[in-house]
Amino acid sequence: SAWPLAVDEARALSIAGAAVGFPVGHASAAVTFQGIRSRPRWSVVLYSASEPPDQRALVVVDAVSGDVAEEPYVEPVERV
């Protein structure tokens, strides 16, 4: 009884981008699994579109329902 992967990577990136309060530049997504039945989730890392990026975020998207599964984590990126 596997979970259907109803949300693909492109859709997960779109959902995650809408969940943060800044324009998105670079982004990356990876499938992870949660719980005893291994429900699939997308872990999406987003960087702001400014050059260089001044914010980054981690958004977890449920790969079955498309819901944002956890409160997005957003932090500033310090210049080096």
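# A tour of the sheet and helix 1

Select strand 2 and strand 3 to begin: they run antiparallel and are joined by seven bridges. The model in the viewer is a predicted one. For a single rung of this pairing, pick R41, whose bridge partner in strand 3 is D62. The connection between strand 2 and strand 3 is a hairpin of six residues.

**Widen to the whole sheet.** Add strand 1 and strand 4. The result is an open sheet of four strands in the order 1-2-3-4, paired antiparallel. Strand 1 (24-34) and strand 4 (73-76) are at the edges with a single partner strand each, so each has one side without a neighbour in the sheet. On average, and ignoring direction, neighbouring strands of this sheet are turned by 15° against each other.

**Go to the strand 1 edge.** Strand 1 and strand 2 are antiparallel and share nine bridges. Select V31 and W42 together: V31 stands opposite W42, which belongs to strand 2. Then move to the hairpin of these two strands, where four residues lie between them and G35 has a positive phi near 85°.

**Cross to the strand 4 edge.** Here strand 3 and strand 4 run antiparallel, with four bridges between them. Q55 is the residue to select, and opposite Q55 in strand 4 stands P76.

**Stop at S48.** This residue is in strand 2. Is S48 buried or exposed? Its relative accessibility is 5%, so S48 counts as buried, the cut-off being under 20%. Show side chains, and a polar contact of 3.2 Å appears between those of S48 and S50. Beyond neighbours within four places in sequence, S48 is in contact with F22, P23, V24, G25, P53, D54 and Q55. Q55 was the residue picked opposite P76.

**Finish with helix 1.** Display helix 1 over the sheet: the helix lies across strand 1, strand 2 and strand 3, and runs at about 55° to strand 2. Which residues of helix 1 (residues 9-19) are buried? Select A12, I15 and A16. They share one side of helix 1 because the arc they cover around the axis is only 95°. An α-helix has 3.6 residues a turn, so residues three or four places apart point the same way. Strand 2 (39-48) and strand 3 (55-62) are included in what covers these buried residues. Rotate to the other side of helix 1 to find A10 and A18, which are exposed.

Key: Residues numbered from 1 in each chain as written. Predicted model: local features only at pLDDT ≥ 70, side-chain atom pairs only at ≥ 80, totals over all residues. Heavy atoms only, no water. Buried < 20%, exposed > 50% of the residue type's maximum accessible area, 1.4 Å probe, protein only. Arc of directions from axis to C-beta. Contact = heavy atoms within 4.5 Å. Polar contact = N/O pair within 3.5 Å; in protein donor to acceptor, adjacent residues only side chain to side chain. Pairing = 2+ DSSP bridges. Axes fitted to C-alpha atoms, helices over the stretch in contact; angles between N-to-C directions.
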